[in-house]
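The following exercises concern charged pairs and cysteine pairs in a protein chain. Each task is followed by a solution in steps.

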Amino acid sequence: MFAEASGFSILLFVSVIFHTSLPTFCHDMQTFTKKFARTKRSEESTLNSDNTNRQKRDTVCNSIPDVQNVLSPKTTKHIFSNDENPAISLTWSGNQGVMLALTTRNFGISFRPSRLYRSTNRGQSFVDISDQIGHDTIRKSNGIHLSPNDSGKIILIGYVSPFTSTFHTNIYVSTDTGATFQKAICPFIMDATTLTFSPTDDYSLLAKSTNNSLFMSTDFGREWKLVKNQVHTGKWDPIVKHLFYYTFDPSGRMSSKSTENELYKQMSTATSGTLLAQHVHSFAVQNDFLFLSVQFPGNNGSRVMHISKDQGQTWNAAQLPLINPDQFYSILDMSESMVFVHVDAAGDTGHGNIYTSEERGIIFSKSLTRHLYPNTQGITDFYRVKSLPGVYITSQLTKDNTVHSRITFDKGGVWDSISSPAGSHCPSSEKECKLQIHNYFSASKHVSLPALPLSSPSAVGIIMAHGNLGDGLNFNPPNVFLTNDGGYTWKQPANLSGPYHYGIGDSGGILFAVPSKSELVNTIRFSFDEGDCWHSYKFTDTPIQITGISAEPGEKSTDVSIWGWNRSGDGSWMAITVDFRPAMGDSCGREDYQKWTAHETNTLSDEGCLLGEKKMYFRRAKGSLCVNDQTLVNNPVGQPCACQYSDYICDYAYVRNDQSMCVKDPAVATSNMDICIDNEEEVIETKGYRKIPGDKCQGGVQPNTKTEDLKKSCAKPQIIDEEFGVDPNDFVSYTPRHTSRHIGLVIFLVIIVIMMGVALGVLLYRKRKTMLRVRYTPLAQDDNEAAKRANGSAVHPLVGTSSLVDDDDDTVIVDPSSLANMKPKNGATLSYHDDSDEDLLVT
């Protein structure tokens, strides 16, 4: 599965559906540690020691004087009066404080005109601009789309009732942050989950119809032309302008598990595409890589991944294990000069191995075993920390079926458990006291989780997350934990016990949190010193039911919008905006900043080095109370370090042992370790270690191990488990095996197994809350769900479903049990939907 979320639009989708049950929600993906002791060292130094009259605070948590009177004048409330629609969608547009709010009601035959509102002052006030869309009905799910290149360009997709005879879709386009909208008619019923913006041209779009025809627009949706029928997936090339790819099913069966697809590439000005490969299962494209999952030559149904870096002109086989038809590949991340790939284990185990690549993306090494990745719904806890490079968090399924959090600071070189906060205590029943981070998997198990892990490039070193202490994830309501050094050391604020909606503002100068409770709330908690001290502010006299919080993209503004509805009054939606600037004082000056050394708690190096560099950032000193200077570009100053063993990852066919040394992987046969690159045989020279891609170290430790020539012919090999060494050209001429005459019996047995699995699932669902520990139970494969995800859709709930997993870092999650007593107007219940532009490759 390949996931690529739009990085320029942040969409908080809050919706209410007419049903008595409520799905649990989750949003966007990753953090990690090493098996070495670490001690806290302080290397912060002020840039300027000049005296200043600016307010200073010591480490003692004193209250902020007169906080109510200071913040009240900068607190505004907007009530969406006389709006009967039970679902609200929120999104930011552009970078000048523009926010759109869309209220809707549509499912089945029950729908009414949408209401569209626009704010130009960060949600402090809204103007009803519903006439701009002709009071049409906009889709509740995937109704708002923003261009990843320019979030001021917006497309609204009209709702098409399944009971209508209409064969077109109304869309509304804006190129001025929603100030004006223009209606356009698509000559097909659009599958809203497939709308894709070109990363190289603001006006080029791809979208599929509900009957799997691919259409293209080059004028931002005003005109559309048919590309081809019977298309599984269409994607733009991220580098070459006007180039896109698509998979065509010549059989017309459109099966999500088909390996009979053909991959084409085409320029938007061309009338037809160029065939690149046959017998394709799926593909993904990111940066200059084109990934392809294809049928392996032979007749056993195995698949292999191929990679191209020249738009499909030549292909190289990735040195990864082959997978059978019931397994999958998942490209987890490739944002830092290397590729993380999950390879599913054979059988419905719910886990597999993570492999990491060298710069070419061809040779892979095993990084983490038993990586948690259930086969249903694409649920993974893999998360890339955005506030510090090289840091990732994920979950591992142990042999006793408990789930443990793992963290790496060196791009998967070494993974370890996450240290618990200093002075924390765990129940005596726990085998060890570690911090376990909750993410997608926990949400899928109905853990009360209003927000997933949060980090921002503008808030260096800061991560906020829900978690629990112990030897594994559990079902208890989690507490809020945070770190300001990229994940080495964590703290648990005493007054943030239980689930919270939380956020980051002023480039880390403000952290804020609102309780996620079934009872009414009127207080927000905030911190000006990276979470050491927390204060409270009552933002309204009348408590309201909180549904989420929203801060402007980039986490740089000083204000936050709190969303909810008046449960004790008329049930109207409302937005309350609090600007913390008056409590923070003037803008920061040079004297208010310190040098902060990243990875200073990494005792592998006396210099605080990691990935070959000692990096120093500018951060506001904790003693300074001021507003961050947003013109300050926080480019870290890097000093090369001498190489150490921590700067190396285990080479191809090697794994780390208990002493963190690289030894030969017994699962890999040396006779299979060859590679074909550019149609020529290349011998893999493996030394046991290779430098981590992007590592900047110089000199120092140079592992002196013997180079082994691991060679065999590029001819078609025998197919065995953990097979390596694949002819990159044979996949084009592969002929699929004949269908078995016993297929009817097989289908009958499969149906029986599925029915038994469903019955078992119902039983386990009813008993799940009696279990202390989260234990993985194989989930029945949902072909419809897999097909939707393979076609690029996010997972969206149907009325009456019991769970939902979202993909957006800014989506809010709600616990169904905590909202059982909520009664918004019209008897609806609250839920949250992701409207992200995620693209997934399920192989």
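**Exercise 1: A left-handed or right-handed disulfide**

C609 and C641 are joined by a disulfide, with their sulfur atoms 1.8 Å apart; a disulfide is here a pair of cysteine sulfur atoms within 2.5 Å. The model is a predicted one, in which local features need pLDDT of at least 70 and side-chain atom pairs count only at pLDDT 80 or more, while totals for chains, interfaces and linings use all residues. Residues are numbered from 1 along each chain as its sequence is written, and side-chain values use heavy atoms, with hydrogens and water left out.

Task: State whether the disulfide of C609 and C641 is left-handed or right-handed.

Solution.
1. The torsion about the S-S bond of C609 and C641 is about -80 degrees, so this disulfide is left-handed.
2. The bond links distant parts of the chain: C609 is in the loop between β42 and β43, and C641 is in the loop between β44 and β45 (642-643), 32 residues apart. Strands (E, at least two residues) and helices (H or I, at least four) are DSSP runs, numbered from the N terminus.
3. C609 is buried at a relative accessible area of 6%, and C641 is buried at 4%. Buried means under 20% relative accessible area, exposed over 50%, and partly exposed in between (1.4 Å probe, protein chains only).

**Exercise 2: Two further disulfides**

Task: Determine how many disulfides the rule gives, and describe the pairs C588 with C626 and C426 with C433.

Solution.
1. The count comes to six disulfides.
2. C588 is joined to C626 with an S to S distance of 2.0 Å. The torsion about their S-S bond is about 95 degrees, so the disulfide is right-handed.
3. C588 lies in the loop between α3 (581-584) and β42 (593-597), and C626 in the loop between β43 and β44 (637-640), so the pair ties together parts that are 38 residues apart in sequence. Both C588 and C626 are buried.
4. The sulfur atoms of C426 and C433 are 2.0 Å apart. Their S-S torsion is about 75 degrees, so this disulfide is right-handed.
5. C426 is partly exposed at 22% relative accessible area, and C433 is partly exposed at 25%.

**Exercise 3: Salt bridges and their surroundings**

Task: Establish how many salt bridges the whole structure holds, and decide whether D506 is buried or exposed.

Solution.
1. Side chains of opposite charge can pair when their charged atoms come close. The criterion for a salt bridge is a side-chain nitrogen of Lys or Arg within 4 Å of a carboxyl oxygen of Asp or Glu. A search of the whole structure finds 16 salt bridges.
2. One of them pairs D506 with R620 at 3.9 Å, N to O. This pair links distant parts of the chain, with D506 in the loop between β35 (500-505) and β36 (510-515) and R620 in strand β43 (residues 613-620), 114 residues apart.
3. D506 counts as buried at 0% relative accessibility, and R620 is buried at 9%.
4. Another salt bridge joins R115 to D128, whose closest N and O atoms are 3.0 Å apart. R115 is in strand β6 (residues 110-119) and D128 in strand β7 (residues 127-128), 13 residues apart.
5. R115 counts as partly exposed at 22% relative accessibility, and D128 likewise counts as partly exposed at 35%.
6. K615 and E613 also meet in a salt bridge, at 3.8 Å, N to O. K615 counts as partly exposed at 21%, whereas E613 counts as buried at 16%.
7. Salt bridges that share partners join D150, K153 and D202 into one network.
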